[in-house]
Structure formats: C-alpha cells, structure tokens
Amino acid sequence: TAALKYAISSIHFSALSPMVLYLSGVDYEVVCGRWDMAKGVGRSKYESLFSYRGDSRWLGMHKARHQDVLVGFSESRHLFTLEMGKGTNVTSDQIVVDDSG
C-alpha cells in the first residue's frame with residue numbers, strides 16, 4: 001500500500017533511526033514510516049508509525065537538523081510544529097501567521 005494518497009513533495013530522514021522517514025504530500029498529510037529494504041532487490045516493507053493532517057495544503061515542510069522536529073507552513077497561513085518523541089509519541093502546535101500589518 002502507498003504511504004500517501006497524492007504525490008510526495010518532501011522526504012526527510014529521522015535523526016533517531018536511518019530506517020525511519022517523514023513524508024509530506026502535495027495535500028495536507030504528513031506520514032512517518034519505517035522502511036525495511038532487507039527483503040531483497042526491488043522489494044521493501046513499509047510500516048506506518050503515525051500520520052498527521054494539517055488544516056489545508058502544505059506549502060512547505062522542513063525537518064530540524066539532528067532532531068526529529070518538523071515545521072510545516074499551510075495554505076491557510078498556519079505554521080505547524082511536530083515533535084517526535086520516543087516511540088510514536090507526537091506533540092504538535094499551531095501558530096496563525098497574520099500579515100495584515
């Protein structure tokens with residue numbers, strides 16, 4: 001099965017494990033999963049660890065260096081932070097960006 005419904009727009013490797021990836025799509029979803037490439041040439045196994053949905057389409061997504069913290073900016077001008085803890089604990093926060101001056 002596919003990790004995301006739509007095309008992948010960003011891929012980030014976990015600082016905690018080289019087998020864990022964070023993917024964001026052209027819609028509003030971010031997923032975290034573990035890929036096992038040891039199944040042989042051309043074969044892999046995907047295990048979903050968590051998924052998160054923003055309030056609208058992602059315009060950008062970035063991962064902090066040496067940390068498992070993602071920051072995403074959505075089409076509705078909200079800035080999201082996702083911080084991954086040990087196991088599959090995820091905390092999130094949301095900030096509204098107001099440019100009305």
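Tyrosine 22 counts as buried, at 2% relative accessibility; buried means under 20% relative accessible area, determined with a 1.4 Å probe on protein chains only. The model is predicted, so that local features need pLDDT of at least 70 and side-chain atom pairs count only at pLDDT 80 or more, whereas totals for chains, interfaces and linings use all residues. Residues are numbered from 1 along each chain as its sequence is written, and side-chain values use heavy atoms, with hydrogens and water left out.

Aromatic pairs were defined as rings of Phe, Tyr and Trp (its six-membered ring) with centres within 6.5 Å; planes under 30 degrees apart count as stacked, over 60 as edge-to-face and the rest as tilted. Three such pairs were found. In one of them, the ring centres of tyrosine 22 and phenylalanine 50 are 6.5 Å apart and the planes stand at 50°, so the pair is tilted. Tyrosine 22 belongs to strand β2 and phenylalanine 50 to strand β4 (residues 45-53), so this pair ties together parts 28 residues apart in sequence. Strands are DSSP runs (E, at least two residues), numbered from the N terminus. Phenylalanine 50 is buried as well, with a relative accessible area of 12%.

Tyrosine 52 and phenylalanine 80 form an edge-to-face pair, with 6.1 Å from centre to centre and 65° between the planes. Because tyrosine 52 lies in strand β4 and phenylalanine 80 in strand β7 (residues 78-84), this pair also joins parts 28 residues apart in sequence. Both tyrosine 52 and phenylalanine 80 are buried, and ring pairs link Tyr52, Trp58 and Phe80 into a cluster.

These aromatic residues also belong to the largest nonpolar core, which has twelve residues, among them Tyr22, Phe50, Tyr52, Trp58 and Phe80. A nonpolar core is a set of buried Ala, Val, Leu, Ile, Met, Phe, Trp, Tyr and Cys residues joined through side-chain atoms within 4.5 Å. Two or more residues of this core come from each of β2, β3, β4, β5 (58-63) and β7, and β7 gives the largest share, three residues. A second, separate core of five residues includes Leu21, Leu23, Val31 and Trp35.

Aspartate 27 is located in the loop between β2 (20-25) and β3 (29-36). Contacts of aspartate 27 (heavy atoms within 4.5 Å) include Tyr6, Ser56, Arg57 and Trp58, residues up to four places away in sequence not being counted. A polar atom of the aspartate 27 side chain lies 3.4 Å from the backbone nitrogen of glutamate 29.

Key:
Helices (H or I, at least four residues) and strands (E, at least two) are DSSP runs, numbered from the N terminus. A polar contact is a pair of N or O atoms within 3.5 Å; within protein, one must be able to donate a hydrogen and the other to accept it, and residues adjacent in sequence count only if both atoms are side-chain atoms. Buried means under 20% relative accessible area, exposed over 50%, partly exposed in between (1.4 Å probe, protein chains only).
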